[in-house]
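Student: I have a new structure open and don't know where to begin. Could you walk me through it?

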Amino acid sequence: MKTMILITLMGCLVLFFSCCSTLYPDEKLTLQRIDYQGNKLRTDGYYYFQEPNRTSIHFLYKNGIILYAYSYPTNDLNIVEKEMINYIYLNKSKDHWGVFLVDSNVIQYERWIEAPSGVSVCFYRCSGYIENDSTLHFMESYYSGRNETKQIDEVWHFKQFENKPDSTNTYIK
C-alpha cells in the first residue's frame, strides 16, 4: 500500500513539473552572444557593485558570456571572495547566466532571473557605459517579469581574480 501511494505521488509530481514548464516556459534572452574582441574591458577578474552592507559580483568573459556570482551581505571583498568560490562552483543554475554586448563605449547585459511566478525564468537587462577598462556605469535596467524599466545609478568596479570560474554552461551556446 505504501509503495502504491509513493508511486502515485511521484507520478503526480512529474505531471505537475512537466505542466509547469509548459504553462510557464523560460523566456529567451533577446541579446545574442557575440565574442568580445575589444580591449575596453578587463576580463581577468570580476566586476563588483557595492551598496551599504551588500556586494554583487559579475564575471565577464571574452566569449560574450556574463555570470552573476551572487550578492553577498558584506562590503569586505576578502569575505566575498571566500564565499564566492564555494557558491559559484556549487550553484551554476540558469538564472545566473547571460550575455553582454559592447558597442563603442556602451555596454549592455542580459541575464536570466527568477520570474515572479517562481517556476520559470525571465530576463533582466542593464545598460550603461564604459568609463574605463575597470569601471562600468549602468544607468537603466529592465525586468521582463514585471515589464518594468528603472533608472539606476550603479558604478561597477573591476578586481583581478585568480580563481575565475569557467564560462562553460548548458544554457548559452
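Tutor: We can go through the cores, a hairpin, a pocket and a few single residues in turn, bearing in mind that this is a predicted model.

Student: OK, the inside first. Which residues have the most contacts inside the largest nonpolar core?

Tutor: That core has 22 residues, and those with the most contacts inside it are Tyr46, Ile57, Phe59, Met84 and Ile172. At least two residues each come from S1, strand S2 (54-60), strand S3 (65-72), helix H2 (77-90), strand S4 (97-103) and strand S6 (121-132).

Student: And which element gives the most to this core?

Tutor: Strand S3 does, with 4 residues.

Student: What does Ile172 touch?

Tutor: If residues up to four places away in sequence are not counted, Ile172 touches Leu29, Arg33, Ile65, Trp97, Gly98, Val99 and Trp112. There is also a second, separate core of 20 residues, and Phe100, Tyr109, Cys126 and Leu136 are among them.

Student: Where do Phe100 and Tyr109 sit relative to each other?

Tutor: Phe100 stands opposite Tyr109, which is in S5. Strand S5 (residues 106-114) runs antiparallel to S4, and 6 bridges join the two. They form a hairpin with 2 residues between them.

Student: What's special about phi in Ser104?

Tutor: Ser104, which lies in the loop between S4 and S5, has a positive phi of about 60° although it is not a glycine. Most residues other than glycine have a negative phi, so a positive value is worth pointing out. Tyr70 in strand S3 also has a positive phi, near 90°.

Student: Is Tyr70 buried or exposed?

Tutor: Neither, because its relative accessibility is 35%, so Tyr70 counts as partly exposed.

Student: Back to the strands, then. How do S5 and S6 pair?

Tutor: S5 and S6 pair in the antiparallel sense, over 9 bridges. As one example, the bridge partner of Glu114 is Val121 in S6.

Student: New topic: how much space lies in the largest pocket?

Tutor: About 240 Å³. Its lining is made by 13 residues, of which Ser56, Tyr68, Arg111, Tyr124 and Glu154 lie nearest the centre of the pocket. The elements that give two or more residues to this lining are S1, S2, S3, S5 and strand S8 (148-160).

Student: S1 keeps coming up. What about Tyr47, is that buried or exposed?

Tutor: Tyr47, which lies in strand S1 (residues 45-51), counts as buried because its relative accessibility is 2%, and the cut-off for buried is under 20%.

Student: What does the side chain of Tyr47 reach?

Tutor: It reaches the backbone oxygen of Asp133 at 2.9 Å, and a polar atom of the Tyr47 side chain also lies 3.1 Å from the backbone nitrogen of Arg42. Looking further along the chain, Tyr47 and Phe161 are 114 residues apart in sequence, while their C-alpha atoms are 9.9 Å apart in space.

Student: Last one: where is Thr74?

Tutor: Thr74 is found in the loop between S3 and H2, and it counts as buried because its relative accessible area is 16%. A polar atom of the Thr74 side chain lies 3.1 Å from the backbone nitrogen of Asp76. Leaving aside neighbours within four places in sequence, Thr74 is in contact with Asn53, Arg54, Thr55, Ile79 and Val80.

Methods. Residues numbered from 1 in each chain as written. Predicted model: local features only at pLDDT ≥ 70, side-chain atom pairs only at ≥ 80, totals over all residues. Heavy atoms only, no water. Buried < 20%, exposed > 50% of the residue type's maximum accessible area, 1.4 Å probe, protein only. Polar contact = N/O pair within 3.5 Å; in protein donor to acceptor, adjacent residues only side chain to side chain. Core = buried A, V, L, I, M, F, W, Y, C linked by side-chain atoms within 4.5 Å. Contact = heavy atoms within 4.5 Å. Pairing = 2+ DSSP bridges. 1 Å grid on protein atoms, 1.4 Å probe; cavity = no way out; pocket = protein on both sides within 12 Å on 5 of 7 lines; lining within 4 Å. Points joined across faces, edges and corners; volume = space filled by probe spheres on them.
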